[in-house]
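Work through the exercises below with the sequence and the coordinates open. Each task is followed by a solution in steps.

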Amino acid sequence: MASEGRLPGLLSLATAVPEHVLMQPDVATTMHRFFSDIFRKSETMAGIFASTGIGKRHAARPLEWYLEPRGWPERTAVYMEVGADLFVEVANKALAAAGCSAGDVDTVVFVSTSGIATPSLDAVVHARMGFRADIERVPVFGLGCAGGVTGLAIASRLAQARPGSTVLMVTVELSSLAFRLDRPDKAHLISTALFGDGAAACVLRTGEQGLALIEGAGEQLWPDTLGIMGWSMDPVGFGVILEPNVPSFAATNLKPAVTGILGRMGLATEDIGRFVCHPGGTKVVAAIERAFSLDQGALDHERGVLADFGNMSAPTVLFILDRVIAQGLPDRATLVTMGPGFTASCVSLAQAA
């Protein structure tokens, strides 16, 4: 493991959400009206909204917008508009907290899986942000819920490769734009009960300690699991792929994967003071607690963020990290998330001296 002076420092962390708030009871009532047949025929589905542990979520548009047929052009227009606004807001918050400006940024890593834009949003907001013309752009697509952790890992490696350079990592997800009136299936309705919109950003630089030092990162991909989670694509928009066995998969497979990733860093699970986990949903949180032999309720900030914001995909784990930092980081914390692939991704943080 590199000496502290050669480890990337996490200088700041910021979060942001769009203005529109969706209260879970309102969404539940609306979905029961539009998809009454599914809820009437399935006792399990009838209680899905109440069982998520979610009180409210934020969305790119008010609830009424989602109740009209939408195609790629309309979804993409909202992604470009709201996504760009969130990028600028959260990036500027992170830069201000780090004591630097957009002109100081040497590399920007942009992570998003809920919309498609070419050029990517980091280029779309270039002039608004005031980035230099020679900034290096690293847009990353397809990581889903694992994007916040993997994006942080990519940014840390880039910061470590060029000590003294400033790396900005931004993740924006507008998963609500995947809502489909034409998809009356269980996977789609479960995702409708879970997902919200949000953004997070971090500033990293090697040679400064900041909030924490990034000790290492790693991933594990399971072969033959492509169908567990992801998007299908058709003329209307993204279609959710979500297998119901994610909690049981996490309970069985996550700890061995994390143990192996930590082992490659020279660490053991016993060295970790706090696991900071992407919650997915309440069943996934409970499965993670069981897998790591944690006390029930130990992942309190995971449940709190889920209740207040829902599953925002990639940014969610960084919202949780923000709360853990505010409470006080232990000597060592490890971010853990799972996403399309099917993949587990980890980043280990050491408390700044």
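**Exercise 1. The second largest pocket**

Task: State how much space lies in the second largest pocket of this predicted model, and which residues line the pocket.

Solution.
Step 1. The volume of the second largest pocket is about 150 Å³. The model is predicted, not experimental.
Step 2. The lining includes Tyr 79 and Phe 110. From the stretch that follows in sequence come Ser 112, Gly 115, Ile 116, Ala 117, Thr 118, Ser 120 and Leu 121. Pro 139, Val 140 and Phe 141 complete the list.
Step 3. Sorted by class, these are 8 nonpolar and 4 polar residues, with no charged ones.

**Exercise 2. Strand 4 and its neighbours**

Task: Decide whether the residues on the two faces of strand 4 are buried or exposed, and find which strands pair with strand 4.

Solution.
Step 1. Strand 4 covers residues 107-111, and 5 of its 5 residues are buried.
Step 2. Split the strand by face: Thr 107, Val 109 and Val 111 lie on one side, Val 108 and Phe 110 on the other. Both faces are covered.
Step 3. Strand 5 (residues 136-140) runs parallel to strand 4 and is joined to it by 5 bridges. In this pairing, Phe 110 has Pro 139 as its bridge partner. Phe 110 and Pro 139 also both belong to the lining of the second largest pocket.
Step 4. Strand 6 (residues 167-174) pairs with strand 4 through 5 bridges, also in the parallel sense. Here Val 167 stands opposite Thr 107.

**Exercise 3. The nonpolar cores**

Task: Find how many residues the largest nonpolar core has, and which element gives the most to this core.

Solution.
Step 1. The largest nonpolar core has 52 residues. Phe 87, Met 129, Leu 168 and Val 170 have the most contacts inside it.
Step 2. Two or more residues come from each of strand 1 (8-16), helix 1 (24-34), helix 2 (36-41), helix 4 (72-98), strand 4, strand 6, helix 8 and strand 7 (197-206).
Step 3. Helix 4 gives the most, with 12 residues.
Step 4. Take Leu 168 and leave out residues up to four places away in sequence: the residues it touches are Ala 91, Val 105, Thr 107, Val 108, Val 109, Phe 131, Ala 201, Cys 202 and Val 203.
Step 5. Another core, of 35 residues, lies apart from the largest one, and Ala 187, Phe 249, Leu 254 and Met 265 are among its members.

**Exercise 4. Helix 8**

Task: Why is helix 8 said to be largely enclosed by the rest of the structure?

Solution.
Step 1. List the buried residues of helix 8: Ala 187, His 188, Leu 189, Ser 191, Thr 192, Ala 193 and Leu 194.
Step 2. Helix 8 spans residues 186-194, and 7 of these 9 residues are buried, so the helix is largely enclosed by the rest of the structure.

**Exercise 5. The cavity**

Task: What lines the largest cavity, and which element gives the most to its lining?

Solution.
Step 1. The structure holds 1 cavity of 30 Å³ or more. About 60 Å³ of space lies in the largest cavity.
Step 2. Its lining consists of Trp 72, Arg 75, Thr 76, Tyr 79, Ser 114, Gly 115, Ile 116, Leu 177, Ala 178 and Phe 238.
Step 3. Helix 4 gives the most to this lining, with 4 residues.
Step 4. By class there are 6 nonpolar, 3 polar and 1 charged residues.

**Exercise 6. Backbone exceptions**

Task: Where are the cis peptide bonds before Pro 119 and Phe 342, and are Asp 224 and Ser 313 buried or exposed?

Solution.
Step 1. Most residues other than glycine have a negative phi, and most peptide bonds are trans.
Step 2. The bond from Thr 118 to Pro 119 is cis, with omega near 5 degrees. Pro 119 lies in the loop between strand 4 and helix 5 (121-124).
Step 3. Gly 341 and Phe 342 are joined by a cis peptide bond with omega about -5 degrees. Phe 342 is in the loop between strand 12 (332-339) and strand 13 (343-351).
Step 4. Asp 224 has a positive phi, near 60 degrees. At a relative accessible area of 81%, Asp 224 is exposed.
Step 5. Ser 313 has a positive phi near 65 degrees, but at 6% relative accessibility Ser 313 is buried.

Notes: Residues numbered from 1 in each chain as written. Predicted model: local features only at pLDDT ≥ 70, side-chain atom pairs only at ≥ 80, totals over all residues. Heavy atoms only, no water. Buried < 20%, exposed > 50% of the residue type's maximum accessible area, 1.4 Å probe, protein only. 1 Å grid on protein atoms, 1.4 Å probe; cavity = no way out; pocket = protein on both sides within 12 Å on 5 of 7 lines; lining within 4 Å. Points joined across faces, edges and corners; volume = space filled by probe spheres on them. Nonpolar A, V, L, I, M, F, W, Y, C, P; charged D, E, K, R; others polar. Pairing = 2+ DSSP bridges. Core = buried A, V, L, I, M, F, W, Y, C linked by side-chain atoms within 4.5 Å. Contact = heavy atoms within 4.5 Å.
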